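Q: I should like to learn how to read the features of a structural model. Could we work through one case together?

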Amino acid sequence: MADTRATDETSDNTGGNHSSGDGNPESREVEKIRDLKSVLVTSVLNLEELDVNLYRGTHHWVPRSRRLFGGQIVGQALVAAAKSVGDDVYVHSLHCYFVRAGDPTVAVLYQVDHIRDGRSFMVRSVRAIQHGQPILICQASFHKLQPSPLQHQFTMPMVPPPEDLLTEEQLIHLYLTKPNVPEKLRQFLNQRLANEVPIEIKPIQPQPSLRRPATEPRKLFWVRAQGHIGEGNMKLHCCVAAYISDYAFLDTAMLSLADYKAKFFASLDHSMWFHTTFRSDEWMLYECESPWAANSRGLVQGRMWRRDGVLAVSCSQEGVFRVQPVNHRNKL
Ligand SMILES: CC(C)(COP(=O)(O)OP(=O)(O)OC[C@H]1O[C@@H](n2cnc3c(N)ncnc32)[C@H](O)[C@@H]1OP(=O)(O)O)[C@@H](O)C(=O)NCCC(=O)NCCSC(=O)CCCC(=O)O
């Protein structure tokens, strides 16, 4: 398969061959941020080894729900599992259940069990533990590279390139310059700007306001890790993709329902399939859709495309949604 990744010469020392260096001060600022090593690599996915097959992870960003971000727990579980396999195998899939809410005030322990080492495949089971109890159980399977003539993939949807689109932050700044933005909405948007999510997003069809009509439960956005990671460590890019894949994914299921908000929602499980090499610090198109929702649950499926059209990762997740009608008089 074609591989359009930047070489280390162009990416490690210069901040990569990213296209925002057009001479204007805002772009230079963005470029400076891109030069910094991603916090995902320097801290979030940098687990401390406590004992054989036992690791400790800490947090960087905690969602407004005050429960740990699911993508962080999955990403860290995959880091722990990947430490127990050699460099000649790559994760091809993982399957997780979120069984308890994560407590953001304490670290998470990751205990790895070696389930089987086969000739081609190796399977690991990881338990993420807090307060002596599992918060996540994860099975991850690794595979040697075994090329085969059996090859196909869907075609990437046609969308504008990331260079033609604004980031979520830029869209919020733009929106806040409008007159008559309700105070509650202004507060909400300023809170979003203060969020230190280590992910950058460029929506293909930005929602102009929070008051939106019901639509087809499908959305597309460009996404990448904030900061620089560089080429070379495919295991690490898979762990970063696991982190990224859970962000802004589950709410796809809510798009079909207008005039309701989720008073409680959480992901129940998360599965991923890794198909080929990619860079998680380069823009990837995340195509998210929800084929079904009912009975307080919704299913979402996602595909992450490299910008050269290669399907890199597939994901799926089911979540629980407890919804209530929005009172539009008090609505943001
Ligand atoms: C999924 C649950 C909650 C299931 O546990 P449970 O004891 O069976 O909980 P539950 O009974 O469903 O209660 C949960 C909540 O739902 C309420 N509830 C229960 N039944 C009803 C009803 N009929 N009507 C209205 N509300 C109902 C309950 O009162 C609970 O609410 P509460 O927590 O008390 O406010 C649990 O296993 C859990 O917390 N697992 C961890 C889930 C998690 O933390 N996932 C990862 C984080 S979510 C994420 O990262 C998504 C991405 C977010 C993003 O895009 O920013």
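The dialogue below goes from the whole chain to the ligand, the core and single residues.

Q: What is the status of this model, and how many helices and strands does the chain have?

A: The model is predicted. The chain has seven helices and 13 strands.

Q: Which figures describe the chain as a whole, in terms of burial, surface and contacts?

A: One begins with burial: 47% of the 332 residues count as buried. The accessible surface amounts to about 17100 Å², and carbon and sulfur atoms account for 51% of that area. For contacts, one looks at separation along the sequence. Among pairs at least 6 residues apart in sequence, 73% of the contacts join residues at least 24 apart.

Q: How should the surroundings of the ligand be read, and which residues come nearest?

A: A shell is described by its members, their classes and the elements they come from. There are 16 residues around the ligand, and Arg67, Gly70, Val99, Ser267 and Arg322 come nearest. By class, nine residues of this shell are nonpolar, two are polar and five are charged. Strand E9, residues 260-267, supplies the largest share of the shell, with four residues.

Q: Which polar atoms of the protein lie at short listed distances from ligand oxygen or nitrogen atoms?

A: Here one separates backbone atoms from side-chain atoms. Gly70 places a polar backbone atom 2.9 Å from an oxygen atom of the ligand. Asp246 has a polar side-chain atom 3.1 Å from a ligand oxygen. For Ser267, a backbone N or O atom is 3.1 Å from a nitrogen atom of the ligand. As to burial, the ligand taken alone exposes 1100 Å², and the protein buries 54% of that area.

Q: Which residues of the largest nonpolar core touch the most other members?

A: One may rank the members of a core by the number of other members that they touch. In the largest nonpolar core, which has 68 residues, Leu78, Leu94, Tyr110, Leu136, Phe142, Phe274 and Phe278 touch the most. Helix H7, residues 234-245, gives the largest share of this core, nine residues. Another core lies apart from it and has nine residues, including Met156, Ile204, Trp305 and Leu311.

Q: With which residues is Leu94 in contact, leaving aside neighbours within four places in sequence?

A: Setting those neighbours aside, Leu94 is in contact with Val74, Leu78, Cys138, Gln139, Ala140, His270, Ser271, Met272 and Phe274.

Q: Why does Arg279 count as buried, and where is its place?

A: The class follows from relative accessibility, with buried meaning under 20%. Arg279 counts as buried because its relative accessibility is 2%. Its place is in the loop between strand E10 (269-274) and strand E11 (284-294). The side chain of Arg279 makes a polar contact with the side chain of Asp281, at 2.8 Å.

Q: Is Arg306 buried or exposed?

A: Arg306 is buried, since its relative accessible area is 5%. This residue is in strand E12. A polar atom of the Arg306 side chain lies 2.7 Å from the backbone oxygen of Thr277.

Q: What does the sign of phi show for Asn295 and Ser296?

A: Most residues other than glycine have a negative phi. Asn295, although not a glycine, has a positive phi of about 55 degrees. Ser296 is likewise not a glycine and has a positive phi, of about 65 degrees. Asn295 lies in the loop between E11 and strand E12 (297-306), and Ser296 has its place in the loop between E11 and E12. Asn295 counts as exposed because its relative accessibility is 61%, whereas Ser296 is partly exposed at 36%.

Q: How are Asn190 and Arg192 placed in sequence and in space?

A: For such residues, one sets separation in sequence beside distance in space. Asn190 lies in helix H6, residues 183-194, and Arg192 lies in helix H6 as well. Asn190 is 14 residues from Leu176 in sequence, with 8.8 Å between their C-alpha atoms. Arg192 and Ile172 are 20 residues apart in sequence, and their C-alpha atoms are 8.6 Å apart. Beyond its neighbours within four places in sequence, Arg192 is in contact with Glu168, Ile172 and Tyr247. Asn190 counts as partly exposed at 37% relative accessibility, and Arg192 is partly exposed with a relative accessible area of 31%.

Note on methods: Residues are numbered from 1 along each chain as its sequence is written. This is a predicted model: local features need pLDDT of at least 70, side-chain atom pairs count only at pLDDT 80 or more; totals for chains, interfaces and linings use all residues. Side-chain values use heavy atoms; hydrogens and water are left out. A residue is near a molecule or strand if one of its heavy atoms lies within 4 Å of it. A polar contact is a pair of N or O atoms within 3.5 Å; within protein, one must be able to donate a hydrogen and the other to accept it, and residues adjacent in sequence count only if both atoms are side-chain atoms. Accessible areas come from the Shrake-Rupley method with a 1.4 Å probe; for residues, only the protein chains shown count as cover. Helices (H or I, at least four residues) and strands (E, at least two) are DSSP runs, numbered from the N terminus. Ala, Val, Leu, Ile, Met, Phe, Trp, Tyr, Cys and Pro count as nonpolar, Asp, Glu, Lys and Arg as charged, and the others, Gly among them, as polar. A nonpolar core is a set of buried Ala, Val, Leu, Ile, Met, Phe, Trp, Tyr and Cys residues joined through side-chain atoms within 4.5 Å. Buried means under 20% relative accessible area, exposed over 50%, partly exposed in between (1.4 Å probe, protein chains only). Contact means heavy atoms within 4.5 Å.
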